[in-house]
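Please explain this structure step by step, in terms suited to a student in the first year of study.

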Amino acid sequence: MSLIGKEIVEFSADAYVNGEFVKVSTEDIKGKWAVFCFYPADFSFVCPTELGDLQEQYETLKSLDVEVYSVSTDTHFVHKAWHDDSDVVSTITYTMIGDPSHNISRAFEVLDEENGLAQRGTFIIDPDGIIQMVEINADGIGRDASTIIDKIRAAQYVRQHPGEVCPAKWKEGAETLKPSLDLVGKI
């Protein structure tokens with residue numbers, strides 16, 4: 001069963017951001033766009049490259065009124081230790097959520113139960129807390145954070161323009177489609 005169109009499950013978790021430990025809950029997410037980026041583990045190999053890439057896109061995402069949250073089954077203490085130890089991870093300024101209980105990873109259906117680790121899942125969540133996009137990669141395949149930006153822009157456009165949809169490879173400012181009987185078989 002797909003999570004698309006479903007409201008995120010209530011949660012509260014400890015996190016690390018900008019040198020501080022903070023609590024993050026569902027209430028913090030609602031009211032703005034959010035990207036959740038699940039990854040298997042701190043002090044690993046592909047994960048820091050993805051999180052660093054996401055940091056490179058963070059300013060653009062913030063300009064789109066999007067907040068970013070990375071999530072792994074590590075604790076917020078491990079996130080701080082990794083942040084203090086890694087040249088790449090030390091640049092991260094978005095919130096790093098700890099999920100040692102596995103509750104968040106399980107709710108987003110990315111928990112590898114056998115290994116106790118989150119899969120590489122990316123979720124776009126609208127201001128109502130509704131999941132608009134889900135992508136899950138195999139452990140050995142890193143993600144390209146730049147692709148999230150066009151997906152966010154498309155999701156925001158569709159939300160602001162009911163009755164219109166964004167075709168493949170849509171970029172901001174490009175033509176959209178208005179589904180109707182007249183379009184059936186014409187594309």
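A residue is called buried when its relative accessible area is under 20%, exposed when that area is over 50%, and partly exposed in between. By this rule F43, at 44% relative accessibility, counts as partly exposed. The model that supplies such values is a predicted one. F43 belongs to the loop between β3 and α2. The phi angle of F43 is near 55 degrees, a positive value in a residue other than glycine. As background, most residues other than glycine have a negative phi.

The loop that holds F43 leads to helix α2, as that loop runs between β3 and α2. Helix α2 covers residues 46–63, which makes 18 residues. From its first C-alpha to its last, α2 reaches 27 Å, close to the 26 Å expected at 1.5 Å a residue. The helix also has a bend of about 45 degrees, located at Q57.

Q57 is itself one of the buried residues of α2. The others in this group are C47, P48, E50, L51, G52, D53, L54, Q55, Y58 and L61. What covers the buried residues of α2 includes four strands, namely β3 (33–38), β4 (66–72), β5 (95–98) and β8 (120–125). The cover also includes two helices, α3 (76–85) and α5 (146–160).

Beyond the end of α2, the chain enters the loop between α2 and β4, where L64 is found. Is L64 buried or exposed? Its relative accessible area is 14%, and L64 is therefore buried, since the limit for buried is under 20%. Leaving aside neighbours within four places in sequence, L64 is in contact with I149, I152, R153 and Q156. One of these partners, Q156, lies 92 residues from L64 along the chain, yet the C-alpha atoms of the two are separated by 9.0 Å. The loop between α2 and β4 also contains D65. D65 has a positive phi of about 65 degrees although it is not a glycine.

Helix α5 can be examined in the same way as α2. At 1.5 Å a residue, the 15 residues of α5 should span 21 Å, and its end C-alpha atoms are 22 Å apart, which agrees. The buried residues of α5 are I148, I149, I152, A154, A155 and Q156. These buried residues pack against β3, α2, β4 and β8. Among them, I149, I152 and Q156 are also contacts of L64.

Another position to consider is V9, found in the segment before β1 (12–17). V9 has 45% relative accessibility and so counts as partly exposed. Not counting residues up to four places away in sequence, V9 touches T26 and A107. V9 and Q119 are 110 residues apart along the chain, and their C-alpha atoms are separated by 18 Å.

The final topic is empty space. Rolling a probe the size of a water molecule over the atoms shows where empty space is left. The largest pocket has a volume of about 200 Å³. Of the 16 residues that line this pocket, the closest to its centre are S12, A13, D99, S101 and I104. β1 and α4 (103–107) each supply at least two residues of the lining. By character, the lining of the largest pocket divides into six nonpolar, six polar and four charged residues.

Conventions
Residues numbered from 1 in each chain as written. Predicted model: local features only at pLDDT ≥ 70, side-chain atom pairs only at ≥ 80, totals over all residues. Heavy atoms only, no water. Expected span 1.5 Å × (residues − 1). Bend = angle between axes of the 7 residues up to and from the residue. Buried < 20%, exposed > 50% of the residue type's maximum accessible area, 1.4 Å probe, protein only. Contact = heavy atoms within 4.5 Å. 1 Å grid on protein atoms, 1.4 Å probe; cavity = no way out; pocket = protein on both sides within 12 Å on 5 of 7 lines; lining within 4 Å. Points joined across faces, edges and corners; volume = space filled by probe spheres on them. Nonpolar A, V, L, I, M, F, W, Y, C, P; charged D, E, K, R; others polar.
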